[in-house]
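Q: Please take a close look at one part of this structure, the packing of its helices, and describe the residues that build it. A connected account is preferred to a list.

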Amino acid sequence: MIVELSSEQKKLYMAYVKQAKKQLIEFDKEENNNLKVLAILTKLRQICNSPRLFDENYKGEVAKIELLKELMPDILGNNHRMLIFSQFLGTLEEIKIELEKEKVKYFFIDGSMKSKERMEISKKFNSGEGQVVLISLKAGGTGLNLVGADVVIHYDPWWNIAVENQASDRAYRIGQKKSVQVIKLVTEGTIEEKIIKIQENKRKLSENLLESKDGGKVLFEMSDKELMELLS
């Protein structure tokens, strides 16, 4: 689902793109700049999700939150139940605020949660308790059976589509009796659209991923031209 940035978001995004291009040009080509590049790309993704992740003083409209507020009454009002995945815990916290405003009962799962707690939440949700489960992408890969959901929302696209698919599979486990709708929120004309193109056209990207010390994935081995294309 294509989302148009708010005017305030767009201004902030374009200003940071300009700054990021300048930074990339100034990088020492003899050094390993992988983490610096990843930091730049992550900040752009944060602005797409919510500029408040990038600048806590941001007061403008947040496009994805506004869209989610439009979608929820129709989804939940028709007795659908959903999983919402995001890589950013700050994003999930923002969504929690909106759910609480609307008095929507939800569960929250992140990477720090112990297996026993996850199992308890899965059991409660699959038995009909709650309407939404918010899940950090890092926690969504394995060990969760959430067949009580029939709508999956990927709030922000991730480089490696296999990680997204593993997350979606939480609702497709054995015992699922409903059809499951998967929705991706992608901001128009931004790095998020480029990520989708990478997923579609460059499946071998998984070969260009490096395990970082914290177990996450660090993008590397992209040419200067490819990096500039991400910022175009």
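A: The account below turns from the chain as a whole to the helix pairs, then to individual residues.

The model is a predicted one. Its protein chain contains nine helices and nine strands. Of its 232 residues, 50% count as buried. Among contacts between residues at least 6 apart in sequence, 73% join residues at least 24 apart.

Two packed helices are described by the angle between their axes and the distance between the axes. For helix 1 (residues 7-26) and helix 2 (residues 34-49), the axes come within 10 Å and cross at roughly 175°. Helix 1 is therefore roughly antiparallel to helix 2, since the angle is over 145 degrees. On the side of helix 1, the contact is made by Gln9, Leu12, Tyr13, Tyr16, Val17, Ala20, Gln23 and Leu24. Helix 2 contributes Val37, Ile40, Lys43, Leu44, Ile47, Cys48 and Asn49. By class, this contact has eleven nonpolar, three polar and one charged residues.

Two residues of helix 1 in that contact, Gln9 and Leu12, are also touched by Pro51. Pro51 belongs to helix 3 (residues 51-54). With a relative accessibility of 0%, Pro51 is classed as buried, because the value is under 20%. Leaving aside residues up to four places away in sequence, Pro51 touches Gln46, Tyr58 and Val62 as well as Gln9 and Leu12. The C-alpha atom of Pro51 is 10.0 Å from that of Ala63, a residue twelve places away along the chain.

Ala63 falls in helix 4 (residues 63-77), whose axis comes within 11 Å of the axis of helix 5 and crosses that axis at roughly 40°. The two helices are therefore oblique to each other. Their crossing is right-handed. Helix 4 supplies Ile65, Leu68, Lys69 and Met72 to the contact, and helix 5 supplies Glu94, Ile95, Glu98 and Leu99. By class, the contact of helix 4 with helix 5 has five nonpolar, no polar and three charged residues.

Thr91 also lies in helix 5 (residues 89-101). Thr91 is buried, with a relative accessible area of 1%. Beyond residues up to four places away in sequence, Thr91 touches Asn49, Leu53, Ser86 and Tyr155. Of these, Asn49 is also one of the helix 2 residues in the contact with helix 1.

The loops after helix 4 and helix 5 each hold a residue of note. Most residues other than glycine have a negative phi. Asn79, in the loop between helix 4 and strand 2 (82-86), has a positive phi near 65°. At 64% relative accessibility, Asn79 counts as exposed. Lys103, in the loop between helix 5 and strand 3 (106-109), likewise has a positive phi, near 60°. Lys103 is exposed, with a relative accessible area of 74%.

Helix 7 (residues 161-168) completes this view, with Ile161, Val163, Glu164, Ala167 and Ser168 buried. Seen down the axis of helix 7, these buried residues fall within an arc of 155°, so they line one face of the helix.

Notes: Residues numbered from 1 in each chain as written. Predicted model: local features only at pLDDT ≥ 70, side-chain atom pairs only at ≥ 80, totals over all residues. Heavy atoms only, no water. Helix = DSSP H or I, 4+ residues; strand = E, 2+ residues; numbered from the N terminus. Buried < 20%, exposed > 50% of the residue type's maximum accessible area, 1.4 Å probe, protein only. Contact = heavy atoms within 4.5 Å. Axes fitted to C-alpha atoms, helices over the stretch in contact; angles between N-to-C directions. Parallel < 35°, antiparallel > 145°, perpendicular 65-115°, else oblique. Left-handed = near helix turned anticlockwise from the far one by under 90°. Nonpolar A, V, L, I, M, F, W, Y, C, P; charged D, E, K, R; others polar. Arc of directions from axis to C-beta.
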